[in-house]
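Biologist: Let us go through this one label by label. I will ask what earns each term, and you set the value against the rule.

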Amino acid sequence: MSVLSAGRPVRLARGSSPWLVPTVATAALSLARARRSGAARAVAVPATALAAGMLWFFRDPEREIATGRVISPADGVVQSIMPWKDGRTRVAIFMSPLNVHVNRAPLAGTVTSVEHIPGGFVPAFNKESENNERVVWHFDTELGDIEMIQIAGAVARRIVPYLPEGTKVEQGDRIGLIRFGSRVDLYLPAGVEVAVEVGQKTVAGITRLDRD
């Protein structure tokens with residue numbers, strides 16, 4: 001899906017239609033009737049503002065994918081960097097409602113599993129978000145098995161995977177959408193040094209997460 005912005009098409013995220021279509025339709029209808037109806041005029045301004053906000057939230061810009069072994073799967077801010085018992089390091093990236101919500105493959109490889117796990121919807125920056133609704137991805141890559149988890153937040157009540165098990169992906173390919181604020185956890189294999197810091201901003205497909 002795309003819309004025009006400054007005369008150029010802007011790509012919108014797959015999976016955004018259930019939110020966008022009724023919002024944009026309401027705005028268009030109220031604007032069309034605004035000249036003849038005071039009620040429509042009252043609805044037109046907030047409806048148009050909401051539609052514009054939705055279009056911004058669900059933007060999916062084209063990007064020049066960076067080089068490096070592991071790149072960020074999400075736009076956001078590094079929330080935590082935590083050594084794991086098995087030697088891996090978990091990098092947690094918090095996505096606010098203002099970030100692009102489309103996630104990308106951190107490495108090239110093959111999707112070996114995509115598992116949806118039901119759960120709660122506490123804010124993604126809360127420690128208890130470990131038990132939130134989530135989708136667990138595993139990729140077979142040149143670094144071995146890579147695990148990535150999309151975690152729904154208080155507002156993001158739906159995760160939309162784009163790819164099934166068995167799909168081959170290139171680094172930076174779009175793999176799924178989390179609606180509104182949320183979190184993405186990526187587990188770096190043992191021996192891979194983290195190149196980012198807590199509080200650092202990341203850009204999906206561009207920010208490198210590992211160090212040579």
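**Labels and their grounds**

Modeller: Start with Arg208, at 25% relative accessibility. Buried would need under 20% and exposed over 50%, so Arg208 counts as partly exposed. Bear in mind that this is a predicted model.

Biologist: What makes the pair of Asp212 and Arg208 a salt bridge?

Modeller: The closest N and O atoms of Asp212 and Arg208 are 2.5 Å apart. The cut-off is 4 Å between a side-chain nitrogen of Lys or Arg and a carboxyl oxygen of Asp or Glu, so the pair qualifies. Salt bridges with shared partners also join Arg11, Asp60, Glu62 and Arg174 into one network.

Biologist: Why is Asp212 called exposed?

Modeller: Its relative accessible area is 77%. Exposed means over 50%, so Asp212 earns the word.

Biologist: How many salt bridges does the rule give?

Modeller: The count comes to 13. One of them joins the side chains of Arg69 and Asp210, at 2.7 Å from N to O. That value is within 4 Å, so the label holds.

Biologist: Which parts of the chain does that pair link?

Modeller: Distant ones, 141 residues apart. Arg69 is in the loop between α2 (38–57) and β3 (76–83). Asp210 is in strand β15 (residues 210–211).

Biologist: Are Arg69 and Asp210 buried or exposed?

Modeller: Asp210 has a relative accessible area of 2%. That is under 20%, so Asp210 is buried. Arg69 is at 30%, between the two cut-offs, so Arg69 is partly exposed.

Biologist: What makes Arg88 and Asp86 a salt bridge?

Modeller: Their closest N and O atoms are 2.8 Å apart. The limit is 4 Å, so the pair counts. Arg88 has a relative accessible area of 17%, under the 20% mark, so Arg88 is buried. Asp86 is at 49%; exposed needs over 50%, so Asp86 is partly exposed.

Biologist: What does the side chain of Glu147 do with the side chain of Arg88?

Modeller: The two side chains make a polar contact at 2.9 Å. The polar cut-off is 3.5 Å, so the distance fits. Glu147 is in strand β8 (residues 144–152). Its other contacts, neighbours within four places in sequence aside, include Trp137, His138 and Tyr187.

Biologist: How do you know that Glu147 is buried?

Modeller: Relative accessibility is 13%. Buried means under 20%, so Glu147 passes.

Biologist: Why is Thr141 called buried?

Modeller: Its relative accessible area is 10%, and the limit is 20%, so Thr141 is buried. Thr141 is in strand β7 (residues 134–141). Its side chain reaches the backbone oxygen of Gly144 at 2.9 Å. A polar atom of that side chain lies 3.0 Å from the backbone nitrogen of Leu143. Beyond four places in sequence, Thr141 touches Leu107, Ala108 and Ile146.

Biologist: How do you know that β7 and β8 pair?

Modeller: Pairing takes at least two bridges, and 8 join β7 to β8, so they pair. The two strands run antiparallel. Arg134 has Ile151 in β8 as its bridge partner.

Biologist: What is the strand order of the sheet with 8 strands?

Modeller: The order is β10-β6-β7-β8-β12-β4-β3-β14, open and antiparallel. β10 (168–169) and β14 are the edge strands, each pairing on one side only.

Biologist: What makes β3 and β14 a pair?

Modeller: They share 2 bridges in the antiparallel sense. The rule asks for at least two, so the pair meets it. Gly76 stands opposite Thr202 in β14. β3 also has 6 bridges to β4 (residues 89–95), with Val78 partnered by Ile93. The hairpin of β3 and β4 has 5 residues between the strands, and Gly87 there takes a positive phi near 100°.

Biologist: Why are β5 and β9 at the edges of their sheet?

Modeller: The open sheet of 3 strands runs β5-β11-β9, antiparallel. β5 (102–104) and β9 (159–161) each have a single partner strand, so one side of each lacks a neighbour in the sheet. Neighbouring strands of this sheet are turned by 25° against each other on average, direction ignored.

Biologist: What supports the pairing of β5 with β11?

Modeller: 3 antiparallel bridges link β5 to β11 (residues 174–178). At least two are needed, so β5 and β11 pair. Arg104 has Arg174 in β11 as its bridge partner.

Methods. Residues are numbered from 1 along each chain as its sequence is written. This is a predicted model: local features need pLDDT of at least 70, side-chain atom pairs count only at pLDDT 80 or more; totals for chains, interfaces and linings use all residues. Side-chain values use heavy atoms; hydrogens and water are left out. Helices (H or I, at least four residues) and strands (E, at least two) are DSSP runs, numbered from the N terminus. Axes are lines fitted to C-alpha atoms, for helices over the stretch in contact, and angles run from 0 to 180 degrees between N-to-C directions. Buried means under 20% relative accessible area, exposed over 50%, partly exposed in between (1.4 Å probe, protein chains only). A polar contact is a pair of N or O atoms within 3.5 Å; within protein, one must be able to donate a hydrogen and the other to accept it, and residues adjacent in sequence count only if both atoms are side-chain atoms. Contact means heavy atoms within 4.5 Å.
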